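Q: Please take a close look at one part of this model: the packing of its nonpolar residues. Then follow the description outward to whatever else helps to place that part.

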Amino acid sequence: MSTIFSQIVEGEIPARIVYEDETTVAFLDANPLAPGHTLVIPKDEYERVNDVPEDIATDLYATIHRMVPAVEDAVDADATTVAFNNGEAAGQEVPHVHCHIVPRFEDDDDGPIHAMFGQRPDLADDELDDVAADIESRA
Ligand code: AMP
């Protein structure tokens, strides 16, 4: 069964589409965190960031790059939080990769992404070295 976002791409359910090209589409979030909250997706269905082929990832970033200033200007935002919930454990509810562009305002008191994390791990230098080496070897 196709995702709700594929149904938007196919025109089967309504959405406030604000940009569309051959491979990507941007539309307003139906339950916005702020006025102008916009989602950017690849038209084809990929679940996670890492599932998106390189050429489509390039297109997706180009659309994000285009839409951030459009959204900020439209609602006179001071900034934006630009984020992916990448996987269910990270809070992703719709299994069709999507970038949130959430307008931010000087006085919105919502804090940075860092505010989501209550406890931070206390990592020793050698643990940081190990994890850096491990990531580097897989990159
Ligand atoms: P996430 O938790 O990252 O998967 O976010 C999914 C987002 O999709 C939420 O912010 C929802 O408000 C939004 N959403 C769900 N259904 C629709 C829809 N039909 N049209 C627009 N946005 C939607």
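A: The answer starts with the core, then turns to a neighbouring strand, the charged pairs and the ligand. Keep in mind that this is a predicted model.

Start with the membership. The largest nonpolar core has 10 residues. They are Tyr-19, Ala-26, Val-40, Leu-60, Ile-64, Met-67, Val-68, Val-71, Cys-99 and Ile-101. Two elements, helix 2 and strand 5 (99-104), each give at least two residues to this core. Helix 2 gives the largest share, with five residues. In soluble globular proteins, nonpolar side chains tend to be buried together.

Leu-60 is a good place to look inside this core. Setting aside residues up to four places away in sequence, Leu-60 touches Thr-24, Val-40, Ile-41, Pro-42 and Phe-84. Of these partners, Val-40 is itself listed in the core. Another core lies apart from this one. That second core has seven residues, including Phe-5, Ile-8, Phe-27 and Ile-41. Ile-41 is thus worth a second look: Leu-60 touches Ile-41, yet Ile-41 is counted in the other core.

Now move to strand 1, which spans residues 17-20. Val-18 sits in this strand. Buried or exposed? Val-18 is neither. Its relative accessibility is 42%, so Val-18 counts as partly exposed, since buried requires under 20% and exposed requires over 50%. Beyond its neighbours within four places in sequence, Val-18 is in contact with Ala-26, Phe-27, Leu-28, Thr-38 and Met-67. Ala-26 and Met-67 belong to the largest core, while Phe-27 belongs to the other one. Val-68 is another member of the largest core. Val-18 and Val-68 are 50 residues apart in sequence, and their C-alpha atoms are 12 Å apart in space.

Strand 1 also holds Glu-20. Glu-20 forms a salt bridge with Lys-43, with the closest N and O atoms 3.0 Å apart. This pair joins distant parts of the chain, 23 residues apart. Lys-43 lies in the loop between strand 3 (38-42) and helix 2 (54-75). The two partners differ in exposure. Glu-20 is partly exposed at 45% relative accessibility, whereas Lys-43 is buried at 19%. For Lys-43 the call rests on the cut-off, because buried means under 20%.

The whole structure holds three salt bridges. Side chains of opposite charge can pair when their charged atoms come close. Another of these bridges joins Arg-104 and Asp-108, at 2.7 Å from N to O. Arg-104 is buried, with a relative accessible area of 15%. A further bridge pairs Asp-134 with Arg-138, at 2.8 Å from N to O. Both residues lie in helix 3 (residues 125-138), four residues apart, about one turn of the helix. Asp-134 is partly exposed at 36%. Arg-138 is exposed at 66%.

Last, the ligand. It is surrounded by 16 residues, and the closest are Asp-29, Asn-85, Glu-93, His-98 and His-100. Oxygen atoms of the ligand recur in the polar contacts. A polar side-chain atom of Asn-85 lies 2.9 Å from a ligand oxygen. For Asn-31, the distance from a polar side-chain atom to a ligand oxygen is 3.2 Å. Val-94 takes part through its backbone, with a polar atom 3.0 Å from an oxygen of the ligand. On its own the ligand has 500 Å² of accessible area, and the protein covers 83% of that.

Conventions
Residues are numbered from 1 along each chain as its sequence is written. This is a predicted model: local features need pLDDT of at least 70, side-chain atom pairs count only at pLDDT 80 or more; totals for chains, interfaces and linings use all residues. Side-chain values use heavy atoms; hydrogens and water are left out. A salt bridge is a side-chain nitrogen of Lys or Arg within 4 Å of a carboxyl oxygen of Asp or Glu. Buried means under 20% relative accessible area, exposed over 50%, partly exposed in between (1.4 Å probe, protein chains only). A nonpolar core is a set of buried Ala, Val, Leu, Ile, Met, Phe, Trp, Tyr and Cys residues joined through side-chain atoms within 4.5 Å. Contact means heavy atoms within 4.5 Å. A residue is near a molecule or strand if one of its heavy atoms lies within 4 Å of it. A polar contact is a pair of N or O atoms within 3.5 Å; within protein, one must be able to donate a hydrogen and the other to accept it, and residues adjacent in sequence count only if both atoms are side-chain atoms. Accessible areas come from the Shrake-Rupley method with a 1.4 Å probe; for residues, only the protein chains shown count as cover.
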